[in-house]
Amino acid sequence: MIQVITSQNQFIYGKQLDQMFRMRHEYYVLGHGWDGLTGVDGREVDEFDDLDAVYLVSVDEFGDVAASLRLNPTTGPTLLKKFSVYADAPLPASETCWDLSRWIARPDQRRADGKRWPSNHQRELALGVLEFCQSR
């Protein structure tokens, strides 16, 4: 099941947000050694985890995060714009265009060697992105 988490309903999803930020820290900071990322108590957050951020979270049958991603409107600051110096053309800035970043899946939901497709949670998340975009 996909949960859409915004600044208006974050208070309902404290457990899931904590799991997501911890999963991001485990994967990006500890697992891949990305430096320059901020973290508080084992949680990875950056300046784009702001009030405009929208999180799509696929939860398992226990309500735990299996996969998640972050969307930011391109009308404001985005992770992509932070690296705009590498772009060959102007980056989009439109109410109908969103920046997708921090796609993460729990280790048991990642693609294993020889497995053709990612988990159902990641496929569900991909469909959630399409539905989100269509609604915008």
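## Getting to know the chain: worked exercises

Buried residues make up 40% of the 136 residues in this chain. The model is a predicted one, and the exercises below walk through it step by step.

### Exercise 1: Layout of the fold

Find how many helices and strands the chain has, and the order in which they follow each other.

*Solution.* Start by counting: there are three helices and six strands. Next, read along the sequence, where the pattern runs β-α-β-β-β-β-α-β-α.

### Exercise 2: Overall dimensions

Work out why the radius of gyration of the chain agrees or disagrees with that of a compact globule.

*Solution.* Take the expected value to begin with: for 136 residues, a compact globule would have a radius of gyration near 14 Å. Then look at the chain, which has 15 Å, so the two agree. To picture the space involved, imagine a box of roughly 40 × 35 × 35 Å along the principal axes, filled by the C-alpha atoms.

### Exercise 3: The largest nonpolar core

Identify which residues of the largest nonpolar core touch the most other members, and which elements supply at least two residues each.

*Solution.* This core has 13 residues, and those touching the most other members are I5, L17, M20, F21, Y55 and V57. Two elements that each supply at least two residues of this core are α1 (14-31) and β4 (54-59). Of the elements, α1 gives the most, with five residues. Now zoom in on L17: leaving aside neighbours within four places in sequence, L17 is in contact with I5, Q10 and Y55. Finally, there is a second, separate core of nine residues, with V54, L56, A67 and L71 among them. As background, nonpolar side chains tend to be buried together in soluble globular proteins.

### Exercise 4: A closer look at R102

Decide whether R102 counts as buried or exposed, and find where R102 sits in the chain.

*Solution.* First, locate the residue: R102 lies in strand β6 (residues 98-105). Second, apply the cut-off, by which buried means under 20% relative accessible area. R102 has 7% relative accessibility, so R102 counts as buried. Third, compare sequence and space: R102 and F21 are 81 residues apart along the chain, and their C-alpha atoms are separated by 9.8 Å.

### Exercise 5: Contacts and surface

State what share of contacts between residues at least 6 apart in sequence join residues at least 24 apart, and what area the chain exposes.

*Solution.* Among those contacts, the share is 59%. As for the surface, the chain exposes about 8200 Å², and carbon and sulfur atoms supply 56% of it.

How values were computed: Residues numbered from 1 in each chain as written. Predicted model: local features only at pLDDT ≥ 70, side-chain atom pairs only at ≥ 80, totals over all residues. Heavy atoms only, no water. Helix = DSSP H or I, 4+ residues; strand = E, 2+ residues; numbered from the N terminus. Rg over C-alpha atoms; globule rule 2.2 N^0.38 Å. Buried < 20%, exposed > 50% of the residue type's maximum accessible area, 1.4 Å probe, protein only. Contact = heavy atoms within 4.5 Å. Areas by Shrake-Rupley, 256 points an atom, 1.4 Å probe, with all protein chains shown as cover. Core = buried A, V, L, I, M, F, W, Y, C linked by side-chain atoms within 4.5 Å.
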